[in-house]
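The following note collects points for a colleague's reading of this model. Please consider them alongside the sequence and the coordinates.

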Amino acid sequence: MKEYLKIAWRNLWRNKRRTILTILSVFFAVFLALIMRSMQLGSYDMMVRSAVENSTGYIQIHAKGYWDDKSIDNTFVATDSLHQTVASSQYVTTTIPRIESFALASSGTQTKGIALIGTDMVKEDAVSGLSKKIIRGHYLDTNEEGVMVAEKLADYLKLDLNDSVVLISQGYHGITASGLYRIVGIIQFATPAMNNSMIYMGLPAIQYFYAAPDRLTSLSIMLDDKDHLQQTVNELEKLDAENLEVMTWKEMLPELVQGIQGDNISGIVMLGILYLVIGFGILGTILMMTMERKREFGIMVAVGMRRTKLAIIILIETITIGILGIISGMAASFPIILYLMLNPIRLTGEAAEAMLEYNIEPIMPFIIEPGFYINQSLTVIIITLLAGLYPIMVIGKFKVIQALQGK
């Protein structure tokens, strides 16, 4: 085998121009595929993280029936044992207790329906980076009697820092919920829908407001890795199954899952077209190489080289070209992907507005994952090997006399 490798390597560089041209065909296949796939997978990852961090969590525990009827009456008591059981799971990193409901916010003659969220402010900030969205005032302490109001909502209600907002809603079991709260912070959200309707409170304050002490609408769970989702769900489903329900972000956000699946299929089709074009390019280069070397093959067989040995050498040459093209494609694409991952392209215009509507930052993100590097490399190797079958077939069938005559 060492002898075969040596001969194949020398054969490659006897005609540098031909070899470099073939390597470039593989290089562009790998380079373009990695850039395209990195951008696509980066977009999916950003969508999922945005939804998980700002809304549902990877997993959510809530009372049975709450997801179909999001009423404050469909809450549950999160006992210390429940918190301990969830936190003891090896893949759980954070649990965020929340009460989410709706209320009327009023100031003077201005009134508007708003989304009211009460949470553990420290944990919320650790996951979603909520404190970074503060543009005036300070970030709310969990036990502080105050609220943080979204920027456009505050403008609509004609409120600013240290002003008071009246909140009115229906509390637990029909009790009237009302209160006057001082604004300690103004938050600016990228999404217009959130920027026009959100108010945050500390968890103890909102439980008092709704007369629902120790009760939660949901317990959101963050994981160290999304790949551990199903395993963690299997562990948590052993909890109070009669009264509690465990749902994943995929079950809670089916529209997002369907959107990703549909776009992923279109992306795979585009990659298929790319590989088809590049595959014909590689095949064309190898066809040219084979025709140029037909006389050489005839001479080698005429002097006594077995056709099997010659076919093995040509196969090694093809694999070597494929590997060199893959390595160079990876080497060229990696710094570009890394740079774009750290400095994503920011979108503007209608594309940005469309993304903001879905609470997604208007950027074109990239991601680096070993999986798609391996998949694209294997795909290109297979294409190269398939193209390499042609010279092997020629070697098995050509007639020596005709080959020596250049026919």
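1. Does Ser377 count as buried or exposed? The model is a predicted one, and in it Ser377 has a relative accessibility of 11%. Because the cut-off for a buried residue is under 20%, Ser377 counts as buried. The residue belongs to helix H14, which spans residues 370-397. Leaving aside residues up to four places away in sequence, Ser377 touches Ile326 and Met330.

2. On confidence, the average pLDDT of the chain is 83, and 94% of the residues score at least 70. Among the elements, strand S6 (residues 147-150) has the highest mean pLDDT, 94, whereas helix H15 (residues 400-404) has the lowest, 65. Predicted coordinates should not be read in detail where pLDDT is low. I would ask that this be kept in mind for helix H15, given its mean of 65.

3. Strand S12 covers residues 244-248 and is mostly covered, with 4 of its 5 residues buried. Its pairing with strand S1 (residues 59-63) is antiparallel and runs over 5 bridges. Within this pairing, His62 stands opposite Glu245 of S12. As a general point, side chains in a regular strand alternate between the two faces of the sheet.

4. The loop between helix H7 (203-209) and strand S10 (215-216) deserves a separate check of its backbone, beginning with Ala211. Ala211 is not a glycine, yet its phi is positive, at about 55°. Its relative accessible area is 29%, so Ala211 is partly exposed.

5. Which other residue of the loop between H7 and S10 should be examined? Asp214 also lies there. Its phi is near 65°, again a positive value in a residue other than glycine. With a relative accessible area of 53%, Asp214 is exposed, since the cut-off for that class is over 50%.

6. Finally, the surface carries a nonpolar patch of about 470 Å², made by Ile265, Val269, Met270, Ile273 and Val277. Of these residues, Val277 may be taken as an example: it is placed in helix H10, residues 254-292. Val277 has a relative accessible area of 54% and is therefore exposed. A description of the surface should mention this patch and list its residues, including Met270 and Val277.

Key:
Residues numbered from 1 in each chain as written. Predicted model: local features only at pLDDT ≥ 70, side-chain atom pairs only at ≥ 80, totals over all residues. Heavy atoms only, no water. Helix = DSSP H or I, 4+ residues; strand = E, 2+ residues; numbered from the N terminus. Buried < 20%, exposed > 50% of the residue type's maximum accessible area, 1.4 Å probe, protein only. Contact = heavy atoms within 4.5 Å. pLDDT = per-residue confidence, 0-100. Pairing = 2+ DSSP bridges. Patch = residues over 30% accessible without salt bridge, like charges linked within 9 Å, V, L, I, M, F, W, Y side chains within 5 Å. Areas by Shrake-Rupley, 256 points an atom, 1.4 Å probe, with all protein chains shown as cover. Salt bridge = Lys/Arg side-chain N within 4 Å of Asp/Glu carboxyl O.
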